[in-house]
Amino acid sequence: MASEILSSSFFNKNVFPCSPIPVASQGFAQYRISRLHFANSRSNRSFRTKIFTVMQEDRPSTVKDDSKMKIPHVLTVAGSDSGAGAGIQADLKACAARGVYCSTVITAVTAQNTVGVQGVNIVPEDFVAEQLKSVLSDMHVDVVKTGMLPTIGIVKVLHHSLKEFPVQALVVDPVMVSTSGDVLAGPSILAAFREELLPMADIVTPNLKEASALLGGLQLETVSDMCTAAKLIHDMGPRNVLVKGGDLPSSLDAVDIFFDAVLITHKTRNTHGTGCTLASCIAAELAKGSQILSAVKAAKHYIETALDYSKDIAIGNGFQGPFDHLLKLKSNIRNSFRKQAFNPANLFLYAVTDSGMNKKWGRSITEAVKAAIEGGATIVQLREKDAETRDFLEAAKACVEICHSHGVSLLINDRIDVALACDADGVHVGQSDIPARVVRTLLGPEKIIGVSCKTPEQAQKAWIDGADYIGCGGVYPTNTKANNITVGLDGLKTVCLASKLPVVAIGGINASNARTVMEIGVPNLKGVAVVSALFDRECVLTETQKLHADLTQAAAMAK
């Protein structure tokens, strides 16, 4: 629904003579023009913030709880896109991805897909006003972001509402033409934009066509033209200007001008809704307290990441399809076997790797994992205490591929960062690690979480905190953990009887005692976890096959 776009990656190259003063910034080519007064911007925002604070304090409150956390809040005032690639829908997804709350005021309902806009139904102005009052009078909005404002009356209604209910910042994305080329707002509202909204705006984010329209049809064909346009639009009153040059004809790269800073980018296919998303991300970062330039950098980096992730996603028949704001869609497809809930039976033969043992026997982590799975391991945990993080991450990614190709889940020991980065199926944490309830918040509801427990009390807490299973032990003395207190078979049974979660036994278990462990006679003991018995052996495949056969026989006899 929004602007022509834009970015997939940044390059510190092609310095344009838009400003004489270079400022180094990683991944962000930036050049300042000394005439542009950031001090004015700061003082204006400070004054506006003071007004906003006073207004907030003067509002009546029916419920006040100082203990509750204030969540950054963006209100988007825009049109609805039935294809969900742009407009209100893109704004909601972008704000969710950036970790802020997003409320909405809908100005128009469109029939729209990746090919184009088939119809527009404008919401009556009085109802737009009613929506604005409902949100602004109650919900303590930090930043307002505008998209499609299809009539002069709606622009005036918004202007009046922001006068009555000031906010900390206003981000104006002057949507007039959709990415597919359909006109969404006529030239008659240009004067209203210039007179009503631009003087209130903290940043305005036009694409080339919109910038040209705001400037009375000025032709924008070069980077120099864009610099001129940014300054002229700035003279209309907005504190900051970002001119987006995704369709600049004279450049092989897409070029954006932030006041006087040049970002070199390149286009990708999945760009439908990128203008909405960029403006929404800027609004989200402002709501979180960022300064304008920092907000733009963060938004551009997010767009780069999302576009790169979405470049091979096919949704719709149009040339410019929507992208995945939450970076989830491909993961869900790749790991479709995870759609079923965690199966406790998968704890049956739980293989836990050890970097020292793999090094001793001259094999890689991936070789060890592949052999264990082929031998019958039903779940794998990577426990690599000595590996460097970069090496561990690359190995974990490879192990995820191996495990998933065999329909086996892979967990990471302790390292939630690595689990997130490699998209592992979950993590296993100890009593001294991050609590399971925090892990659940970080990983989400679908991942598997295991917790090491030695007592019924710890097992109870694991259940309350949202774990999927517990690992109980050490059952026997082990060399893999120093000073590890053993619980013995009696302790294992006590914890199993107290636990509301499935249990896997761990610690000193091998082919000589695995059957004894499984024969303690409690139904929620689902398997054994082994380290040395598999990986401190010459042939992981053979040892895994033997142990799997023993466990299978023990399970059959128990029935």
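Let's start with a cation over a ring: the charged end of Lys-500 sits over the ring of Trp-463, 4.7 Å from its centre. Keep in mind that this is a predicted model.

On to ring against ring. Two aromatic pairs turn up in the structure. In one of them, Phe-342 and Tyr-469 have ring centres 6.1 Å apart and planes at 35 degrees, so the pair counts as tilted. Phe-342 comes from the loop between helix H10 (329-334) and strand S12 (349-352), while Tyr-469 belongs to strand S17 (residues 469-472), so the contact ties together parts that are 127 residues apart in sequence. Phe-342 is partly exposed, at a relative accessible area of 23%, whereas Tyr-469 is buried, at 0%. Add Tyr-350 and you have one aromatic cluster made of Phe-342, Tyr-350 and Tyr-469.

Strands S12 and S17 both belong to a closed barrel of eight strands, which runs S12-S13-S14-S15-S16-S17-S18-S19 with parallel pairing. On average, neighbouring strands of this sheet are turned by 25 degrees against each other, direction ignored. S12 pairs with strand S19 (residues 525-530) in the parallel sense, over three bridges, and Ala-351 has Val-530 in S19 as its bridge partner. Helix H15 (residues 436-443) lies across strand S15 (426-429) and strand S16 (448-453), running at about 165 degrees to S16.

Now for the charges. Searching the whole structure gives 15 salt bridges, including these:

| Acid | Base | N to O distance |
|---|---|---|
| Asp-91 | Lys-145 | 3.1 Å |
| Asp-173 | Lys-244 | 3.5 Å |
| Asp-423 | Lys-447 | 2.8 Å |

Asp-91 is in helix H2 (residues 87-98) and Lys-145 in strand S6 (residues 143-148), so this bridge ties together parts that are 54 residues apart in sequence. Both Asp-91 and Lys-145 are buried. Lys-244 lies in strand S9 (residues 242-245) and Asp-173 in strand S7 (residues 169-175), so here the parts tied together are 71 residues apart in sequence. Lys-244 and Asp-173 are both buried too.

What about Asp-423 and Lys-447, 24 residues apart? Asp-423 sits in the loop between helix H14 (416-422) and S15, and Lys-447 in the loop between H15 and S16. Asp-423 is partly exposed, with a relative accessible area of 22%; Lys-447 is buried, with 13%. Finally, salt bridges with shared partners join Arg-98, Glu-285 and Lys-288 into one network.

Technical notes:
Residues are numbered from 1 along each chain as its sequence is written. This is a predicted model: local features need pLDDT of at least 70, side-chain atom pairs count only at pLDDT 80 or more; totals for chains, interfaces and linings use all residues. Side-chain values use heavy atoms; hydrogens and water are left out. Rings of Phe, Tyr and Trp (its six-membered ring) pair if their centres lie within 6.5 Å; planes under 30 degrees apart count as stacked, over 60 as edge-to-face and the rest as tilted. Helices (H or I, at least four residues) and strands (E, at least two) are DSSP runs, numbered from the N terminus. Buried means under 20% relative accessible area, exposed over 50%, partly exposed in between (1.4 Å probe, protein chains only). A charge sits over a ring if NZ of Lys or CZ of Arg is within 6 Å of the ring centre and within 35 degrees of the ring normal. Two strands pair if DSSP finds at least two bridges between them. Axes are lines fitted to C-alpha atoms, for helices over the stretch in contact, and angles run from 0 to 180 degrees between N-to-C directions. Contact means heavy atoms within 4.5 Å. A salt bridge is a side-chain nitrogen of Lys or Arg within 4 Å of a carboxyl oxygen of Asp or Glu.
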